[in-house]
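Me: Please take a close look at one helix-helix packing in this one, handedness included. Then carry on to whatever else is worth a look.

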Amino acid sequence: MAGFRSLARQVRDPDCDTALRRYSLRKCLERFAPYGHRATWDHLCVRHGFGPEDRELDPARLVAALEELEEARAVWLAYEEEFAARRRREKHGGLRGLAALDDWHRDVWGGNGVVRCGDPAVHPKDPLPVVVRRLVAALGRGPAEECPVCAGTRIAWGGGSGEAWYGPVCGDCGVEVPRAVLTPRVLARAREAHGRPLVSAA
């Protein structure tokens, strides 16, 4: 199975036909997709001006989309390196237990779904690297009163039986927010709002 960098080379390869280059970009999302596969693809299509099903398109648009994805991936991988180094230090010091944030991190290792969006059509409009940097900054700051991605305060509880996510969701940008970056007060309010419909982001 090809890795992210091998697939990225195919996206850039002018000797490959456009359909294969597009396919390779889609396959990159199996290795790194911050919003989840479908939402990240929708984001790249919207930002770089090609349709989700386009087979023949300007290769420069594919490369621009890849570059955005690569930059976001570099931000996340740097954070993962810091996280792994911290865990090694903690284990060396005798701290073996995992905190709530560490439990969340284990579920998103590699970067898939770090800012997952349950609705593929509702996701932040900012470039992926900006969004991932905001999340990484929030992970380092500790609990706050707003969404780490858009600073929105409309946090409600999402998910339920049969759904993969059960937890706080931002009603402004659509991301599923890690519980560890929200204060107990915000989490309590979000639980109270559970069942109220979230308004889709514009």
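Reply: The crossing of H1 and H4 is left-handed, meaning that the near helix is turned anticlockwise from the far one by less than a right angle (clockwise would be right-handed). Keep in mind that this is a predicted model, where local features need pLDDT of at least 70 and side-chain atom pairs count only at pLDDT 80 or more, while totals for chains, interfaces and linings use all residues. Residues are numbered from 1 along each chain as its sequence is written, and side-chain values use heavy atoms, with hydrogens and water left out.

Back to the pair: H1 covers residues 4-12 and H4 residues 59-92, and they pack at about 155° with axes 10 Å apart. Axes here are lines fitted to C-alpha atoms, for helices over the stretch in contact, and angles run from 0 to 180 degrees between N-to-C directions. That makes H1 and H4 roughly antiparallel, the label for angles over 145 degrees (under 35 is roughly parallel, 65 to 115 roughly perpendicular, the rest oblique). On the H1 side, Phe4, Ala8, Val11 and Arg12 make the contact; H4 brings Leu62, Val63, Leu66, Glu67, Leu69, Glu70 and Arg73. Contact means heavy atoms within 4.5 Å. Sorted by class, that is seven nonpolar, four charged and no polar residues, counting Ala, Val, Leu, Ile, Met, Phe, Trp, Tyr, Cys and Pro as nonpolar, Asp, Glu, Lys and Arg as charged, and the others, Gly among them, as polar.

Zooming out, there are seven helices and two strands, ordered α-α-α-α-α-α-β-β-α along the sequence. These are DSSP runs numbered from the N terminus: helices are H or I with at least four residues, strands E with at least two.

Two loops deserve a stop. Between H6 (128-141) and S1 (155-158) sits Ala151, a non-glycine residue with a positive phi, near 65°. Ala151 is exposed at 51% relative accessible area; exposed means over 50%, buried under 20% and partly exposed in between (1.4 Å probe, protein chains only). Its neighbour Cys150 is partly exposed at 32%. In the loop between S2 (167-170) and H7 (184-192) you'll find Glu176, which is buried at 10%. Tyr166 is ten residues from Glu176 in sequence, and 8.9 Å away C-alpha to C-alpha.

As for disulfides (cysteine sulfur pairs within 2.5 Å), a search of the whole structure turns up zero. Cys150 is in none, its nearest cysteine sulfur being that of Cys170, 3.6 Å away. Cys28, for its part, is buried at 0%.
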